[in-house]
Every structure is written in C-alpha cells, then in structure tokens.
Amino acid sequence: MTTKEVTKKQAGGELAIPEELLGGCVVEGASQSDLIITRMHVFQATSQEQQEIGKFDLGDVVDPEEGRPISNVFMPVVGWKEWTKWNKDQATPVYTERDESKVPAEDLAWGDDGSPPAATESFNFIVLVDGENDRPYLLTFKRTSLAAGRKIHTAETRRGQRRQGPALYELICTTEQGQQGYYARVSVKLVGDPDADMLADAATVKSAYASAATKVRMPDEKAPASEGAKGGAHDIPYYQAPTPAPVGTIPSAGASSSLLSLLPSRGNAGRGWGPQGP
C-alpha cells in the first residue's frame, strides 16, 4: 500500500475511514481502568521527547500520547500536593506521599550545600483543556514551576471565598538556560472565566472523582538523573462506567461513571472566556 493510498481523502477533505473501522481498535478484555489520563505536557525539546512524541518547538504544549499540539488554556478541576523521593538510577520512587506529615523531616530539608530536598514537592491538577472537551488531562507543577502551582492554589482559594467557580488559566513558557542547556520555564496567568459547557463538563469530572470506586493508571514519568532513572506510574481515584452519565449529574452510589467516559462530544471548537480575574 502506498502513502498516497493511505492518505486518500474524501471530497470534503476528511480522511476516508471504512465503516468497519470507525471508533478505532477495540481491545477485548480491557476495561476503563486500563485507560491512562494523559499529561498536559510542556515540550522541552530533549532527544528522548523528539523520539517519543515528535518534532515540536521548545515550550509547545502537547498531548504526548497523540503527538499533537493542544491549547495552553485550561481550567483546574481537582488538585492535590505530593512529595516524591527518588533514588538515583532506580525505576520507581522510594515513596509518593500526599500527607506532608508522613514525609521524613530530613527529606524536606535543603542541604548545607544548597542541594534541594530529597523529596520533590509537586502540585497536581486534573484539568480540562480549551478545545479538548472530551477528556481530562493531568498537569503537574514541580521544581522550577512550583510557584505556578502555588499561584493557581492561591487564586482558586480566593475565588472559593467569593463563591466563584474555577477560573481559566494560560500556561506561559519562557526559555531559560540551565546547567544542561535551554529549557522552558512555566508560569501561569489567570485569563477569565470558563463558559457554561466547560463548567458542566468540569462538574461531571469532579463528581466522578469524588465518587471514586476504582483507580486509573497515571502516565509514567521519566525522572532526571538526579531523581532516579524513571518515575513509576501512580494511581488516582477513578469511577468506572460502561455508559456515560448525563452531564452535570452526580453518579449514584450504585452507578458507575468514568473520568474518561463521562464527557460528551461537542466538537473541538475553542471556548470563549471573559476578562474577569480574582
């Protein structure tokens, strides 16, 4: 089969897909708990990224599973902090803890030589990305981007005190030079309020998370040499469902619904937002 045959298009410009293949490949024996929540990934232009994800510019925001760019505008739905300790050249972390009081005090202390704590602190959010209304993403802030996570936490706390919902934020990537070359430093900017559709989708995702009965695998994270050879996948709550529930409804105790299957398809048109801030 030639490349020309593979990319043959219909008259309307869409790829011609046989009826039997619509919906993609069905994996027999797999369940919703085998699905991975994809990271909202800031491309750092490493050779490994280029090999595994594709060719993008430093600082591009991409879906690493599909190898395509996505919007840098997002709304946080659920958030939590973690502390993770790595040993050099080990594939999995020594521990991942959400309760800071359970982290050994010595792992939280900076070294006398200025070396960072043994336990890496991170802010983690399940987010909805503008234009990607059919799935949530995982967004993590740590090390040089930790301040961005604190900024979101601060803004959302203030909005909560005023009985407002979550805001829309923009990821801002600036190029800086470190010991191992150039990298994209991440910050965030509050850009307004989400529209009604995005709020409804977020309510569905949050309800599924709060009603968690099973767990979903998170994407593997490859750690730098200073934090081990490779980060292991870890779990977050996830509510399993054979069929989607209506948008905006709270799943009952006897029902099952999934973070990855609840959201309706509205097309991938970008959403608008207003100029309001905290």
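# A walk through the model, starting at helix α5

Select residues 196–210 to light up helix α5: its 15 residues should span 21 Å at 1.5 Å a residue, and because its end C-alpha atoms are 21 Å apart, the expected span and the model agree. Keep in mind as you go that this is a predicted model.

Stay on α5 and show its side chains. Which residues here are buried? They are Met 198, Asp 201, Ala 202, Thr 204, Val 205, Ser 207, Ala 208 and Tyr 209. Now slide to the start of the helix and pick Asp 195: one of its side-chain oxygens comes to within 3.3 Å of the backbone nitrogen of Asp 197.

**Zoom out for a moment**

Colour the whole chain by secondary structure and you'll have five helices and eleven strands in view. The chain has 278 residues, and 36% of them count as buried. If you take contacts between residues at least 6 apart in sequence, 60% join residues at least 24 apart.

Next, colour by confidence. The mean pLDDT of the chain is 76, with 70% of residues reaching 70 or more. Where does pLDDT stay under 50? One such stretch is residues 1–9, where the model has eight contacts beyond four places in sequence. Residues 267–278 are also below 50, and that stretch has 34 contacts beyond near neighbours in sequence.

**Next stop: strand β4**

Select residues 73–85. This is strand β4, and it's mostly covered, with ten of its 13 residues buried. Which strands does β4 pair with? Let's take three of them in turn.

- Add residues 119–129, strand β6: eleven bridges join it to β4, and the two run antiparallel.
- Add residues 95–97, strand β5: three bridges join this one to β4, again antiparallel.
- Add residues 168–178, strand β8: here the pairing with β4 is antiparallel over two bridges.

Now click Phe 74. On β6 it stands opposite Val 129, and on β8 it stands opposite Tyr 169. Then pick Thr 84, whose bridge partner in β5 is Thr 96. While the strands are on screen, remember that in a regular strand the side chains alternate between the two faces of the sheet.

**Over to Ala 148**

Select residues 146–161 to bring up helix α4, then find Ala 148 within it. Is Ala 148 buried or exposed? Its relative accessibility is 5%, so it counts as buried; the cut-off is under 20%. Show what surrounds Ala 148: leaving aside neighbours within four places in sequence, it touches Phe 141, Val 186, Ser 187 and Val 188. Draw a distance from Ala 148 to Val 186 and you'll get 7.1 Å between C-alpha atoms, though the two sit 38 residues apart along the chain.

**A loop with a polar contact**

Move to the loop between β6 and β7 (137–142) and select Glu 132. Glu 132 has 7% relative accessibility, so it counts as buried. Add Arg 68 to the selection: a polar contact of 2.8 Å joins the two side chains.

**Last stop: the cysteines**

Select Cys 25 and Cys 173. Cys 25 counts as exposed because its relative accessibility is 72%, whereas Cys 173 has a relative accessible area of 26% and is therefore partly exposed. How many disulfides does a search of the whole structure find? Zero.

Notes
Residues numbered from 1 in each chain as written. Predicted model: local features only at pLDDT ≥ 70, side-chain atom pairs only at ≥ 80, totals over all residues. Heavy atoms only, no water. Helix = DSSP H or I, 4+ residues; strand = E, 2+ residues; numbered from the N terminus. Expected span 1.5 Å × (residues − 1). Buried < 20%, exposed > 50% of the residue type's maximum accessible area, 1.4 Å probe, protein only. Polar contact = N/O pair within 3.5 Å; in protein donor to acceptor, adjacent residues only side chain to side chain. Contact = heavy atoms within 4.5 Å. Pairing = 2+ DSSP bridges. Disulfide = S-S within 2.5 Å. pLDDT = per-residue confidence, 0-100.
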